Amino acid sequence: MNLPFPFPLSGEDILRRRARILTALLARDPGFCCVPVESMARFTLDEMLRLYDEQFFCGYLSRAYGKIDVTLSSRLISAAGKFVYARDSARRMARAEIRMSSDFLSRLDKGPFNLNGLTVATPQEAFLVVFEHELCHALETALYGSTGHSERFLSLANGLFGHTATRHSLPTRRAEAAKEGLVPGARVSFSFEGKTLTGVVTYVGKTATVMVPSARGAYRDAAGKRYAKYRVPLPLLTKAAK
């Protein structure tokens with residue numbers, strides 16, 4: 001690959017540059033230092049992007065995009081990060097954003113964590129490795145006009161950051177709930193206003209959506225049965241007998 005920055009980097013060089021970035025971020029944001037992480041300031045997100053662009057890309061991303069918004073999203077629960085972009089009518093980049101999951105970040109506790117083929121010790125390192133994955137999506141889009149998890153993407157991720165895979169084993173809320181049998185279709189019970197209600201799970205996220213049979217319910221199935229919908233915190237649910 002003929003790229004406008006050093007590529008590929010040695011394993012030692014990658015570790016050195018990543019450690020430099022992590023040290024700088026920890027030094028200026030007390031909330032980011034905690035385990036689990038208590039908070040992450042907006043200026044820390046901006047600085048993280050600036051440092052990565054400086055340390056790994058020689059400023060290429062800022063030249064290609066002008067600006068990439070880096071945000072924390074509490075609604076992003078099925079992925080640890082996501083790169084999104086839009087084009088204007090001239091087929092040029094109009095807006096680019098890297099969304100990082102605050103839900104993942106706040107729930108990571110003691111390592112080690114395995115992700116993208118790497119093993120890291122702390123939540124902060126795991127967060128950076130997720131961010132690196134999204135940076136590769138931004139880079140591939142800027143260089144080639146599209147991105148995915150192709151051999152080209154993996155070559156970029158490996159040469160820049162040492163990633164050898166595109167998957168992680170970080171715990172999602174759905175995976176944790178599934179271990180307890182709380183999956184769509186499961187019958188569950190919960191307390192509501194002094195009563196025990198029983199229904200069927202239809203969605204699992206931060207809370208579970210449970211459809212409970214109710215003569216006056218606002219929802220009706222194909223057979224004409226009526227249901228009331230409840231959003232219930234996962235710890236308040238128990239499996240119910242069929």
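**Briefing: overall build, the largest pocket, and two buried residues**

The protein chain has an accessible surface of about 12,800 Å², and carbon and sulfur atoms hold 51% of that surface. The model described here is a predicted one, and its protein chain has a secondary structure of eight helices and 11 strands. The points below turn from the chain as a whole to its largest pocket, and then to the residues T44 and M40.

**The chain as a whole**

- Taken along the principal axes, the box filled by the C-alpha atoms of the protein chain is roughly 65 × 45 × 30 Å.
- The protein chain has 242 residues, of which 43% are buried.
- Among contacts in the protein chain with a separation of 6 or more, 57% are made by residues that stand 24 or more positions apart.

**The largest pocket**

- The volume of the largest pocket is about 270 Å³, and among the 16 residues that line this pocket, A79, A80, G81, H133 and E134 are the closest to its centre.
- Two elements, strand 2 (81-87) and helix 6 (123-144), each give two or more residues to the lining of the largest pocket, and the largest share, four residues, comes from helix 6.
- By residue class, the lining of the largest pocket is made up of nine polar, four nonpolar and three charged residues.

**T44, in helix 3**

- T44 is a residue of helix 3, which covers residues 42-57, and T44 counts as buried because its relative accessibility is 0%, where the cut-off for buried is under 20% relative accessible area.
- Beyond the residues up to four places away in sequence, T44 touches L25 and D29, and with the second of these there is also a polar contact, in which the side chains of T44 and D29 come to 2.5 Å.

**M40, in the loop before helix 3**

- M40 is located in the loop that runs between helix 2 (30-33) and helix 3, and M40 is buried because its relative accessible area is 10%, a value to be read against the cut-off of under 20%.
- When neighbours within four places in sequence are left aside, the residues in contact with M40 are D29, F32, L45, M48, L72, L105 and F127.
- M40 and L25 are 15 residues apart along the chain, and their C-alpha atoms are separated by 9.7 Å.
- D29 thus appears in both neighbourhoods, being in contact with M40 and touching T44.

Key: Residues numbered from 1 in each chain as written. Predicted model: local features only at pLDDT ≥ 70, side-chain atom pairs only at ≥ 80, totals over all residues. Heavy atoms only, no water. 1 Å grid on protein atoms, 1.4 Å probe; cavity = no way out; pocket = protein on both sides within 12 Å on 5 of 7 lines; lining within 4 Å. Points joined across faces, edges and corners; volume = space filled by probe spheres on them. Nonpolar A, V, L, I, M, F, W, Y, C, P; charged D, E, K, R; others polar. Buried < 20%, exposed > 50% of the residue type's maximum accessible area, 1.4 Å probe, protein only. Polar contact = N/O pair within 3.5 Å; in protein donor to acceptor, adjacent residues only side chain to side chain. Contact = heavy atoms within 4.5 Å. Areas by Shrake-Rupley, 256 points an atom, 1.4 Å probe, with all protein chains shown as cover.
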